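Colleague: Could you walk me through the aromatic residues and the helix packing here? I would like the reasoning along with the values.

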Amino acid sequence: MARKPTKGTFESNIKKLVASFKRDEEFYLSKEYNESQARLDFIDKFFSSLGWDISNDKSIPYHLREVIVERGDTNEVTRPDYTFRIDTRTVFFVEAKAPHQPLDNIYHIHQAKSYAWSSPDADIAILTDFEEFKVFDCTSIPEIDKPKK
């Protein structure tokens, strides 16, 4: 990871993000607020607070980056929103949605799980809209009609 955050720094950053979300929650939960903006305003900042170099601040060559945005080592036609890597090995994927999208939607769950399932290394997928985070074990084949499996 780019930098190891301290517990205090992480807590402070997350409290600020949550307070910002709460201040204008009605708008953020409306259909006017889209996924791309949620990623920029909240999701990118959340993972940066954890120490991930989301925006490639170190100017690392593409093939060595720890976070790849909108591209991953999957066999999927669609692309995961984020691919998180350690030493060029994919460790997990994140699929983002706009906060007004329900994260219990079976198609959203299947999409997130399919990325990890089709990757040779990753067994974890996260589905988030910042308001919620759902973490999935993807060691078994995802079935659209059994999203919780």
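**Aromatic cluster and helix packing**

Modeller: Gladly! Phe10, Phe46, Phe47, Trp52, Tyr82, Phe84, Phe92 and Phe133 form one aromatic cluster. This is a predicted model, in which local features need pLDDT of at least 70 and side-chain atom pairs count only at pLDDT 80 or more, while totals for chains, interfaces and linings use all residues. Residues are numbered from 1 along each chain as its sequence is written, and side-chain values use heavy atoms, with hydrogens and water left out.

Colleague: How many aromatic pairs does the structure hold?

Modeller: Rings of Phe, Tyr and Trp (its six-membered ring) pair if their centres lie within 6.5 Å; planes under 30 degrees apart are stacked, over 60 edge-to-face and the rest tilted. By that rule, the count of aromatic pairs is 20.

Colleague: Why do the rings of Phe47 and Phe92 count as stacked, edge-to-face or tilted?

Modeller: Phe47 lies in helix α3 (residues 35-49) and Phe92 in strand β3 (residues 89-96), 45 residues apart, so the pair links distant parts of the chain. Helices (H or I, at least four residues) and strands (E, at least two) are DSSP runs, numbered from the N terminus. The ring centres are 6.4 Å apart and the planes are at 40 degrees, so the pair is tilted.

Colleague: Are Phe47 and Phe92 buried or exposed?

Modeller: Buried means under 20% relative accessible area, exposed over 50%, and partly exposed in between (1.4 Å probe, protein chains only). Phe47 has 3% relative accessibility and Phe92 has 13%, so Phe47 is buried and Phe92 is also buried.

Colleague: Which charged residue sits over the ring of Tyr82?

Modeller: A charge sits over a ring if NZ of Lys or CZ of Arg is within 6 Å of the ring centre and within 35 degrees of the ring normal. Tyr82 itself is buried, with a relative accessible area of 0%. The charged end over its ring, 4.9 Å from the centre, belongs to Arg39.

Colleague: Why are α1 and α3 roughly parallel, antiparallel or perpendicular?

Modeller: Axes are lines fitted to C-alpha atoms, for helices over the stretch in contact, and angles run from 0 to 180 degrees between N-to-C directions. Helix α1 (residues 7-23) and α3 pack at about 170 degrees, with axes 9 Å apart. Angles under 35 degrees count as roughly parallel, over 145 as roughly antiparallel, 65 to 115 as roughly perpendicular and the rest as oblique. Therefore α1 and α3 are roughly antiparallel.
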